[in-house]
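User: Please take a close look at one part of this model, the sheet and the helices that pack on it. A connected account would suit me best.

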Amino acid sequence: MFKKTLLTFLTAISTITFCFSQTKSLPNVDLKTLDGSKFNITEIENEGGPIVISFWATWCKPCKKELNNIAEIYEDWQDETNVKVIAISIDDSRSMSKVNPYVNASDWEYEVYLDTNSDLKRAMGVSTVPHTFLLNSQKEIVWQHKGYIEGDENELYKEIKKLVK
Amino acid sequence: MKKIISLFVSIHFCFFAFSQESNIGVITGNFNLNLQSYQEDSKIGAEAQDEIILNNAYLNLNYTRGNFASGIRYESYLNALADFDPEFKGNGIMYRYATYSIDNLEITAGNYYEQLGSGLIFRSYEEKGLGIDNAMDGVRLKYVPIDGLYLKTFIGKSRTHFTYSDGIFRGADAELNINEILNSELKTKFILGGSFVSRYQQRDNLIFQIPQNVSAYASRINLMHGKWSNFGEYAYKINDPANVLSQSQMNYANGTAFTQNITFSKRGFGISAEMHRTDNMTFKSDRDRDGKAYIINYIPTLSKPHTYSLLALYPCATQADGELGIQFDIFYKFKKGSRLGGKYGTKIAINYSQINALEGGPSFLNDIRTHKPTFINFDEVLHYQDFNISVAKKINRKLNTNFIFANQTYNKDVLEGKPIGDYGILNSTILVSDISYKIKAGHTIRLELQSLISSQIEDGKQPKEGDWSMSLIEYTISPHWFLSIQDMYNYGNEDINKQLHYVNINAGFIKGANRFEIGYGKKREGIFCVGGVCKTVPSSNGFSLSVSSSF
């Protein structure tokens, strides 16, 4: 009897867990645009194309390396996969004002948002930057990666291509 | 039969949940572990620890479903790493919250992090690396009655280590986005904001009439027009006798701070100019206690946060009691194909910052309540100065370079809180070269060479560290492996027995959202800062292990 109950319990749990693990959508968190307006992260849109969300900061060397390296090949990526990159800065009030000058000077084509109070960073389980997420056409998180070492963008691109096959 | 029913129910539940709102919620979080062994090394002054190994770890768990979210953080310090406050001790769930939003009203109960404006009067945040976590415990409401008007209010106590400090905080903030309210397409954008916070702490001092309620307020304006942006905030704190609690020096002075920033940017070019002034603006969650764990506001440091080790050897820290500073930044990219840009473009970043004491001295040093330091004059006492220029250039598909020149002036006595005259004022000229070379797909080797030449602008009594060099070689294999060896060498130390090498070896493995790193080496005693908030790190010698994972 005990065994049976346990088994039932486990089955129920695993089904529910299965349910949980199915989808991982974006949390309902407000960010700021570079011109100070509120923006909810769930409103990001790429007409069904894949979306890359990259957490970065102006003081973070590997973050800038990653986004600068992607910037060089971003046009090709977009042509081939229609991917959209969204850069979320976790700069606080010390360096927040440098985000816009840096982004513009670097010639980035990304959508950039500010997460000054680290609300989204916490909600998405990010502990250190850089941290990169890949979202499918349903805006569900299908892949994530911590840190950046030279060449990691190729790994990311492989994952993007899997989504557009 | 029971089993089948149960299975059916749970599957049904699952489908039901799917059909309801695509799922029954999302679980996210992360886990971090930092472990370090401590062996004695009398040469560098590293002490062995009784426990041999010290450990910090925490696990964050968030659950969100639609407009509902809740979460906990379990923390474990057994015992805390040597560079942490020993009051972090033991295990416990120190962070738990539930929040939901309905019809533009968001309610949070439990722990939350909050910042009013740029933080001049209130900022509750976490910076794990520094051992800062002044999370609030209480309730918070955010309300958006109409598009463009954002209101929030909160009440709570602020965390210090494993407990909550005495002060009770009541705060409110309103932000008005004029363009959103008027639904206008005006090219100029206006955002106005005002905030207020008040601390209640019971009076238990029999000698002085200490105010039980201390309030602070701030107003801010953000103006944007085309490529221009301007942000200014002014903050005021009503008398808060806290800094010096002795009969001879009782301080009833008010505190003020302002920050002002202008930026201009267009494709390939960006500039930022900043200024701030702070006077008697240390605001604490407990007036009778000292230390960074009790600070409840945040005055951003007016200098560039450096990451290269010799550039960050002598970092600036805000003196909230009184300073005046300016900072300029220029970012420029020479276009691809231009003469200086070459095939890939060349990036230049120039930064200058200077921070001085307030002329006339900060208000709290004077017994006279009406004392005012001069408003906008630099005192001749320099706290910090930094001029640095960085040039980043990709030579070809394989070779990437970055060169930095910097000249820094560091008032060690003031910035590290030492007796005046002990260390004097240091000047360092620093050169950094960082070159990486792609050997083949995924394989990169990186070489970093740094040199710091030191001189004294004002002499001190204590022996000088003098010149330093640093070299690092790193090999990475994308996407999984990295290995680095670095040596910091204090060859110029006045004390010949302290002309030492600090060698560190680190290796790591990353897969997806998991990261493992092991290291062995010696660390120099020094100051480690994030965002201008610093902690003293004792010298150490030993192994380290760090595991970090997100889900």
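Analyst: What follows describes the sheet of chain A and then the helices that lie on it. This is a predicted model, in which local features need pLDDT of at least 70 and side-chain atom pairs count only at pLDDT 80 or more, whereas totals for chains, interfaces and linings use all residues. Residues are numbered from 1 along each chain as its sequence is written, while chains are lettered from A and ligands numbered from 1 in the order in which they are written.

In chain A, an open sheet of mixed pairing is built from seven strands in the order β2-β1-β5-β4-β3-β6-β7, where strands are DSSP runs of E with at least two residues, helices are runs of H or I with at least four, and both are numbered from the N terminus; two strands pair if DSSP finds at least two bridges between them. At the edges lie β2 (38-40) and β7 (141-146) of chain A, each of which pairs on one side only. On average, neighbouring strands are turned by 30° against each other, direction ignored, with axes fitted as lines to C-alpha atoms (for helices over the stretch in contact) and angles between N-to-C directions running from 0 to 180 degrees.

Within this sheet, β3 (residues 51-56) and β6 (residues 131-135) of chain A are antiparallel partners joined over five bridges, and A:F55 has A:H131 in β6(A) as its bridge partner. Helix α2 (residues 61-81) of chain A packs on the sheet, touching β3 and β4 (84-89) of chain A, and its direction makes about 145° with that of β3(A); contact here requires C-beta atoms, placed from the backbone, to lie within 7 Å. Helix α5 (residues 152-164) of chain A lies across β3, β6 and β7 of chain A and runs at about 15° to β6(A).

Key:
Contact = placed C-beta atoms within 7 Å.
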